[in-house]
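Student: I am new to this structure. Please take me on a close look at the nonpolar core, and show me how the rest of the chain sits around the core.

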Amino acid sequence: MTVTLALGFGAVIGVLLGLLGGGGSILAVPALVFGLDLSMEQAIPISLIVVGAASAVGAVPKIRAGRIQWRLAGIFAATGIPATFAGSAVGRLLPERALLIGFAAVMILAGARMLTDHGDTGTACAVRGTGINWRRCAPRSISAGLAVGFLTGLFGVGGGFLIIPALVLMLGVEMPVAVGTSLVIIVANSASGLVSHLSGTTVNWALTAAFAGTAILGSLIAGHFGNWLHTDRLQSWFAYLVFAVAAYVLVDALFLR
């Protein structure tokens, strides 16, 4: 029964990833904790596997199309990877209730970002042509990479809801390139976060395979439809769903545990 539920939850999250191009993975940990009755310690490594695998699959066509800003991805990864270890170390010191409250706050931040996404592009780091002003952008990239990596290690989230605004609004990267670059960064951070969480944690690999497999399949199938659908309204509805789940997580953490 548990594997069946994992298949269903994975498919739903994969469809959301495919339709919206990101954000669906923010529901992976709540699905594992409340839907499959896992602890946060058990759920985070599985979430990282799902997020990393789905992002790797999504990154392949972006790499083929040349829509990756590799130097920015390298800066984010170089700062984010050690930060994931710091995040996982802090997570081991916190009680599960505190982790759930913090995760609910991250969900609210993600939902708010979805509602305020108007497709604007910043120009602070851009120079003439397609270049980047590295003297101005490197410090911004380093600080953003540290924040995303820490959250990945602490909560098992991909962080795309933070990476894409940082790339687009802070660094002036065009959206198609920002999406591809974000996926590469998420793969690197998820892999390092997984390594930091595997010590002392037993992973249910059958459950993980079911969850990740249907998530990847769902994202691939839904991705074809996402190219034809007008997803602005869908993204707004999804943001409200994220708020509702965050409220449930808060109620459970504050009053039921």
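Tutor: The protein chain has ten helices and zero strands. Helices (H or I, at least four residues) and strands (E, at least two) are DSSP runs, numbered from the N terminus. In sequence order the pattern is α-α-α-α-α-α-α-α-α-α.

This is a predicted model: local features need pLDDT of at least 70, side-chain atom pairs count only at pLDDT 80 or more, and totals for chains, interfaces and linings use all residues. Residues are numbered from 1 along each chain as its sequence is written, and side-chain values use heavy atoms, with hydrogens and water left out.

Start with the chain as a whole. It has 257 residues, and 49% of them are buried. Buried means under 20% relative accessible area, exposed means over 50%, and partly exposed lies in between (1.4 Å probe, protein chains only). Among contacts between residues at least 6 apart in sequence, 83% join residues at least 24 apart. A contact here means heavy atoms within 4.5 Å.

Now the core itself. A nonpolar core is a set of buried Ala, Val, Leu, Ile, Met, Phe, Trp, Tyr and Cys residues joined through side-chain atoms within 4.5 Å. The largest one holds 47 residues. Within it, Ile26, Leu27, Phe155 and Phe211 touch the most other members. Seven helices are listed as giving two or more residues to this core: helix 1 (2-20), helix 2 (28-35), helix 3 (40-64), helix 5 (96-115), helix 6, helix 9 (205-226) and helix 10. A second, separate core has 22 residues, including Leu72, Ile163, Val173 and Val184.

Look closely at Ile26. Leave out residues up to four places away in sequence, and Ile26 touches Phe103, Val106, Met107, Ala110, Val157, Phe161, Phe238 and Val242.

One of those partners deserves its own look. Met107 is found in helix 5. Met107 is buried, because its relative accessible area is 0%. Neighbours within four places aside, Met107 is in contact with Ile26, Leu27, Pro30, Val242, Val245 and Ala246. Take the pair Met107 and Val242: they are 135 residues apart in sequence, yet 6.3 Å apart in space, C-alpha to C-alpha.

Pro30 leads to helix 2. Helix 2 is mostly covered, with six of its eight residues buried. They are Ala28, Val29, Pro30, Ala31, Leu32 and Val33. Just past this helix comes Asp37, in the loop between helix 2 and helix 3. Asp37 has a positive phi of about 60 degrees, although it is not a glycine. Asp37 counts as exposed because its relative accessible area is 68%.

Phe161, another partner of Ile26, takes us to helix 7. Eight of the eleven residues of helix 7 (residues 160-170) are buried, so this helix is largely enclosed by the rest of the structure. The buried ones are Gly160, Phe161, Ile163, Ile164, Pro165, Ala166, Leu167 and Val168. Gly172 follows helix 7, with a positive phi near 75 degrees.

Helix 6 has a buried polar residue to find. Ser141 lies in helix 6 (residues 134-155). Ser141 is buried because its relative accessible area is 0%. Residues up to four places away aside, Ser141 touches Leu72, Ile75, Phe76, Thr79 and Leu171. Leu72 is also in the second core.

Finish at the surface. The protein chain exposes about 11800 Å², and carbon and sulfur atoms supply 67% of it. Ile101, Val251, Leu254, Phe255 and Leu256 form a nonpolar surface patch, with about 490 Å² of accessible area together. Accessible areas come from the Shrake-Rupley method with a 1.4 Å probe; for residues, only the protein chains shown count as cover. Patch residues have over 30% relative accessible area and no salt bridge; like charges are joined within 9 Å, and nonpolar side chains (Val, Leu, Ile, Met, Phe, Trp, Tyr) within 5 Å. A salt bridge is a side-chain nitrogen of Lys or Arg within 4 Å of a carboxyl oxygen of Asp or Glu. Helix 10 (residues 232-256) gives the most to this patch, with four residues. Leu254 lies in helix 10. Leu254 is partly exposed because its relative accessible area is 45%. Helix 10 also gives two or more residues to the largest core.
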